[in-house]
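The following note is offered to a colleague who is meeting this structure for the first time. The points are numbered so that each may be checked in turn against the model.

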Amino acid sequence: MVDLMIIIRSKPTDAFRVVEALRLSAAMLGMDQPPSIVFLDGGVECLREGAFDDPVIHDFLRAAADLAGIHVLSESLEEHGIMYEELDPSLGAAPLGLDGLAGLISKHDSVVAF
Amino acid sequence: MVLFVASTESRATQETVIGLATASLDRGHDVSVFFNERSVRLLKVGTKDEEFKGLVERGARLLACRTSAMGLGLKSLEDLVGGAEMSSLGELVDLMGDSDRVLFVG
């Protein structure tokens, strides 16, 4: 059993890293081992509407959001000047503070950042 | 068992993977290296064939994500260095569960 938290900190301009994270998430979901997924730093920009031109990437995001649930670090939103309301509502990203992030990390055996 | 996961095709990733895998084998660990996304190109025949073959001869597994390989035009094992295996993200998840330590090299 894999107890993994995936952190996505890459911007949409580094789509290959975001796709890698989401593909791993999809594989884990397919094997009924859902990861926790948190977007922080530049990764918060991935949650904006229209962040990716490629619809496949958006589909990966929606699948992760629907099946695993995704979190977004509030401090990163603030640092990047993004209001929560600017995020794609269909993704339903749950805001999380640094304290909450620390708590979430402590619940997992491993954390990997993309 | 130690599992290394590579993602990029940079020379740094290549050297780090080979170096860490070698050092881990020297310490008596079972080693698997999963090449994901663009890093599959590192396994292409004609790159570091002898060094990768050396790892295989010492018992390391070199696994290429089949989906990534196909996307990069590496369609069969003949396109990869000898001893490399075609694999999947599903197997990666299994390996992650079975490994004592996992390192995403990048």
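1. Some terms come before the details. A residue is called buried when its relative accessible area is under 20%, exposed when that area is over 50%, and partly exposed in between. Please bear in mind throughout that the model is predicted.

2. Helix α4 of chain B, residues 89-98, is a convenient place to begin. Which of its residues are buried? They are B:L89, B:L92, B:V93, B:L95 and B:M96. These residues lie on the same side of α4(B), because they cover an arc of only 160° around the axis. What the buried residues pack against belongs to both chains: β1 (4-8) and α1 of chain A, together with β1 (2-6), β2 (31-35), β3 (61-65) and β5 (101-104) of chain B.

3. The interface between the two chains deserves attention next. Chain A contributes 14 residues to the contact and chain B contributes 17 residues. Between them the chains bury about 1,300 Å², and 69% of this is on carbon and sulfur atoms. On the chain A side, A:F16, A:E20 and A:R23 supply 42% of the area that chain A buries against chain B, more than any other three residues.

4. Polar and charged links also cross this interface. How many salt bridges does the rule find there? It finds one between chain A and chain B. The side chains of A:R23 and B:E37 meet in a salt bridge, with N to O at 2.7 Å. Three residue pairs in polar contact are found across the interface as well, both residues of each pair being at pLDDT 80 or more. Helix α1 of chain A, residues 15-30, gives the most to the side of chain A that touches chain B, namely seven residues. By class, the residues of that side are ten nonpolar, one polar and three charged.

5. Over all chains, the structure holds ten salt bridges. One of them joins the side chains of B:R41 and B:E9, at 2.5 Å from N to O. This pair links distant parts of the chain, 32 residues apart: B:R41 is in the loop between β2 and α2 (49-57) of chain B, and B:E9 is in the loop between β1 and α1 (11-26) of chain B. B:R41 counts as partly exposed, at 34% relative accessibility. B:E9 is partly exposed too, with a relative accessible area of 37%.

6. A salt bridge within a helix is found in α1 of chain B, where B:R11 and B:E15 are four residues apart and therefore separated by about one helical turn. Their side chains meet at 3.0 Å, N to O. Are the partners exposed, partly exposed or buried? B:R11 is exposed, with a relative accessible area of 61%, and B:E15 counts as partly exposed at 42% relative accessibility.

7. The salt bridge between B:R61 and B:E91 returns the reader to helix α4 of chain B. The closest N and O atoms of the two residues are 3.0 Å apart. B:R61 is in strand β3 and B:E91 in helix α4, so that the pair links parts of the chain that are distant, 30 residues apart. Both residues are partly exposed, B:R61 at 29% relative accessibility and B:E91 with a relative accessible area of 23%. B:R61, B:E85 and B:E91 are linked in a network of salt bridges.

8. B:T13, in helix α1 of chain B, is a polar residue worth inspecting. Is B:T13 buried or exposed? B:T13 is buried, because its relative accessible area is 5%, where the cut-off for buried is under 20%. Its side chain makes a polar contact of 3.0 Å with the side chain of B:S10. Leaving aside residues up to four places away in sequence, B:T13 touches B:A6, B:T8, B:L42, B:V105 and B:G106.

9. Two backbone angles in chain A close this note. A:D32 has a phi near 60°, a positive value in a residue other than glycine. A:D32 is found in the loop between α1 and β2 (36-39) of chain A and is exposed, with a relative accessible area of 64%. A:D41 is not a glycine either, and its phi is positive at about 50°. A:D41 lies in the loop between β2 and α2 (55-67) of chain A and counts as partly exposed, at 25% relative accessibility.

Technical notes:
Residues numbered from 1 in each chain as written. Chains lettered and ligands numbered in written order. Predicted model: local features only at pLDDT ≥ 70, side-chain atom pairs only at ≥ 80, totals over all residues. Heavy atoms only, no water. Contact = heavy atoms within 4.5 Å. Buried area = accessible area lost by both parts, 1.4 Å probe. Salt bridge = Lys/Arg side-chain N within 4 Å of Asp/Glu carboxyl O. Polar contact = N/O pair within 3.5 Å; in protein donor to acceptor, adjacent residues only side chain to side chain. Buried < 20%, exposed > 50% of the residue type's maximum accessible area, 1.4 Å probe, protein only. Arc of directions from axis to C-beta.
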